[in-house]
Amino acid sequence: MSGENAGPRPEPAEVGAGVPLHHRVPDLGALELLLAVARLGSLGRAARAQSITQPAASSRIRSMERQLGVALVERSPRGSRLTEAGALVTDWARRVVEAAEAFDAGTQALRGQRDSRLRVVASMTIAEYLLPGWLIALRTQRPGTAVSLSAGNTRAVADRLLAGEADLGFVEGLDVPAGLDGAVIGHDRLVVVAAPSHPWTRRRTELTAAELAGTPLILRERGSGTRQVLDAALAGAGGLAAPLLELASTTAVKSAVVSEAAPSVLSELAVREELTARRLVEVPVRGLHLGRELRAVWRVGQRPAGPARDLLGLTRGAP
């Protein structure tokens with residue numbers, strides 16, 4: 001195998017444990033091209049099979065020969081054939097490609113498993129008033145994905161995500177819980193509400209933050225995003241008085257307020273219907289900011305993918 005038909009003289013390959021493997025081993029595309037040359041007996045036919053030009057195929061073979069330090073293919077007017085070293089390399093290349101095919105099949109199976117289900121956990125306001133519409137829209141995009149939704153306070157959402165029991169979470173609060181990444185998807189406002197018969201609804205002056213802080217209210221439990229925002233907002237007014245009632249559900253809080261037990265502070269999203277129907281009345285508070293951000297959250301380093309990514313995309317344009 002000498003003369004002009006022997007192909008370019010290969011340069012010595014770099015060796016040594018300090019050289020990364022990907023610098024010493026040809027890439028998968030080059031190995032597939034070599035297998036095509038062996039199978040078809042022609043560099044031109046191999047190039048067409050790989051959907052590249054013949055000059056590109058020749059360049060890739062020469063580059064592989066330089067990398068390995070051995071001649072792999074002899075070219076002649078009658079076609080191309082493997083050298084003795086090329087035949088050995090082709091056998092090894094076949095095993096590498098077969099392993100890559102198994103790797104690809106395995107990752108496809110993992111993606112299929114991932115895309116077949118979506119576990120969502122959300123704090124109460126988002127779970128009750130926003131997620132149903134998003135999940136209906138997701139159903140049209142991914143009819144084959146089984147979705148489960150569980151609701152809890154912000155602390156419970158973080159615990160479920162960190163335990164690997166959910167793929168995507170939604171919270172309302174001041175910041176992203178520890179161990180999670182997140183993205184703001186919308187905004188919400190807390191409002192003070194009371195039954196129409198409550199004296200606060202007939203005041204001529206706005207309620208003060210100190211008056212609100214000093215009044216026993218019906219509140220969500222500690223650990224909820226609503227309670228977190230309210231505690232922070234009233235910290236400068238002496239902090240919240242001991243609640244009259246602490247309830248774990250927004251619906252339960254609303255029912256208690258409607259029954260004239262005491263006022264409360266709830267999400268504007270949650271009481272919109274009651275305010276419109278005058279079952280509850282908003283009570284203005286002077287100089288008190290009760291805005292909050294709505295966030296999608298996930299474990300650090302596990303950016304949403306598949307159906308979780310699609311659901312996150314549907315949340316854009318939240319209030």
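Let's start with aspartate 104, which sits in helix H5. Keep in mind that the model you're looking at is predicted.

How much of aspartate 104 is exposed? Its relative accessible area is 37%, so the residue counts as partly exposed, a label for values between the 20% and 50% cut-offs. Aspartate 104 also has company: together with Glu32, Glu98 and Glu101, Asp104 makes up a negative surface patch. Which element gives the most to that patch? That's helix H5, spanning residues 84–115, which supplies three residues.

Now for a bit of strand pairing. E1 and E2 run antiparallel to each other, and four bridges link the pair. Getting from E1 to E2 takes a hairpin of two residues. If you'd like one pair to find on screen, try glutamate 74, whose bridge partner in E2 is arginine 81. As for side chains, in a regular strand they alternate between the two faces of the sheet.

Another strand to look at is E7, where you'll find isoleucine 218. Buried or exposed? Isoleucine 218 is buried, because its relative accessible area is 0% and the cut-off for buried is under 20%. Pick glycine 179 as a second point: 39 residues separate it from isoleucine 218 along the chain, and the two C-alpha atoms are 31 Å apart.

Here are the strands with their residue ranges:

| Strand | Residues |
|---|---|
| E1 | residues 73–76 |
| E2 | residues 79–82 |
| E7 | residues 218–220 |

Methods. Residues numbered from 1 in each chain as written. Predicted model: local features only at pLDDT ≥ 70, side-chain atom pairs only at ≥ 80, totals over all residues. Heavy atoms only, no water. Patch = residues over 30% accessible without salt bridge, like charges linked within 9 Å, V, L, I, M, F, W, Y side chains within 5 Å. Areas by Shrake-Rupley, 256 points an atom, 1.4 Å probe, with all protein chains shown as cover. Salt bridge = Lys/Arg side-chain N within 4 Å of Asp/Glu carboxyl O. Lys, Arg positive; Asp, Glu negative; His and termini not counted. Charge placed at Lys NZ, Arg CZ, Asp CG, Glu CD. Buried < 20%, exposed > 50% of the residue type's maximum accessible area, 1.4 Å probe, protein only. Pairing = 2+ DSSP bridges.
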